[in-house]
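Reader: Could you take me through one part of this structure in detail? I'd like a close look at a sheet and how it sits in the rest of the model.

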Amino acid sequence: MHMNLPKIDLSALPDLDTLTSAFGSIMHTGRVGGSDDTIIEIMVVIYEIIIQSGT
Amino acid sequence: MHISPELQALRSNDAPQRHTQSELLDLLRGWFGGQIATGVESQFQRFAQGEALTELPALSQLFAPGQSHGSALVDDFTGCMLAFLRAQPLGMVPLRHRVDDFGAALVLCRSGGSALALHVAEGPALMRRPAPLSVTFTPGETHELVLAGAAKTSLVTLDQDLPGRAELGIRQECIAAGDVMSRDGARECQIVQSVSGALVSLKLQRRNQDGALTREFALDDGKFLRQAAGSPRETRLELAAALLGRMGRSDAAPLLAAIAQEEASQSLRWQALRECLGLETSTGFSALCTIAEDAADPLSGPAGALRAQLLETYPVLQGITECRV
């Protein structure tokens, strides 16, 4: 059966009462590495070192 | 700018450095394959895949109270690496690491949401930090062996989950070299208050992959502050759902409807449902009705309210509800 259905506007759809933020986004000011039980997640960063000639 | 002669030499010929790194990699592989670390890496992989620590002797032995083998393991590891670095000071141990004012971490093994890592917390830097005002419960488990130093800690426990707040228990403890602790992150969190000198620990951690949330509460009154996805997978899927929505990929609607109805966090399921409704009204509305009608589903309340709202705005949707019956 074919119905001519309306296109629902996403902005009219409510969010849940309690929003959930992205993974890793809770980071409070008092935190320092290794001082609580947050599981360590280290990203690999490659530093490009530009060596200028003649220095 | 001063560049040391050793580094200067590497600019024209980096072969020695490549050679050093390849030697270090071999050394590391050899160490993991050696007698003292026998089984640690392979059993860590099994731990990361969800096996219980008690089933993995080489790993659980590292965290056995009173008879931990962890200190010998770490001594051997650092001895082995430092001997190499003394001879080749430009070598870089090929393991992930992090260093800042407050301490350092060196990840020995990692897989999925699990890690076996050495952590150092620097006492003087900790003293300069503002006292924490909140506690974060992260779904996962932590096993910790203190290798050196001593610290004053607070073990915060989530004793009772109430609407909008939690009943927290706070126990002051002193930890010192040789101590072994295991914590269930969903209900327990250790906050290091102060350290004399430096605190060195070996930590084995595993994150839950079941859609559980990381939640933050105020330490003074237990008020719920905020929550975040407990695993990267949840956030990744939520982003993918949003992207499919923005791309107008209506062919993804059945997949989004499936995500909305499977075991996952409420947040991910709801976002998938919203995007599905936006992409393909019929598929989305059917999923919405299924969820609304399952009283055992925690999303049935909001789904029921949304269904009523949509039926009021678009009476034609009544046709879909009738088709489903």
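Author: Start at B:Phe137, whose bridge partner in β9(B) is B:Arg215. This is a predicted model, by the way, so read everything here as computed from it. That pair belongs to the ladder between β4(B) and β9(B), where β9 covers residues 213-218 of chain B. The two strands run antiparallel, and four bridges hold the pairing together on paper.

Now step outward to the whole sheet. It's an open one with four strands, and the order reads β1(A)-β10(B)-β9(B)-β4(B), with mixed pairing. Which strands stand at the edges? They are β1 (20-21) of chain A and β4 (134-137) of chain B. Each has a single partner strand, so one side of each is left without a neighbour in the sheet.

The chain A end deserves its own look, since that's where the sheet picks up a strand from the other chain. β1(A) pairs with β10 of chain B, residues 224-229, over two bridges. Here the sense is parallel, whereas β4(B) and β9(B) are antiparallel. For a residue to hang on to, take A:Thr20: its bridge partner in β10(B) is B:Gln227.

Zoom out once more, to the contact between the chains. Chain B puts in 62 residues and chain A puts in 33. On the chain B side that touches chain A, you'll find 28 nonpolar, 23 polar and eleven charged residues.

And the rest of chain B? It carries twelve helices and ten strands. Its radius of gyration is 26 Å, well over the 20 Å that the globule rule gives for 325 residues, so chain B is more spread out than a compact globule. Along the principal axes, its C-alpha trace spans about 80 × 55 × 45 Å. Buried residues account for 35% of the 325 in the chain. As for contacts in chain B between residues at least 6 apart in sequence, 63% of them join residues at least 24 apart.

One last stop, away from the strands: B:Arg18, in helix α2 (residues 15-33) of chain B. Is B:Arg18 buried or exposed? With 11 other C-beta atoms within 10 Å, B:Arg18 is exposed, because the cut-off for that class is 12 or fewer. To get a feel for distances in this chain, compare the position of B:Arg18 with that of B:Gly301: they're 283 residues apart along the chain, and their C-alpha atoms are separated by 61 Å.

Methods:
Residues numbered from 1 in each chain as written. Chains lettered and ligands numbered in written order. Predicted model: local features only at pLDDT ≥ 70, side-chain atom pairs only at ≥ 80, totals over all residues. Buried ≥ 20, exposed ≤ 12 C-beta atoms within 10 Å, placed from the backbone. Rg over C-alpha atoms; globule rule 2.2 N^0.38 Å. Contact = placed C-beta atoms within 7 Å. Pairing = 2+ DSSP bridges. Nonpolar A, V, L, I, M, F, W, Y, C, P; charged D, E, K, R; others polar.
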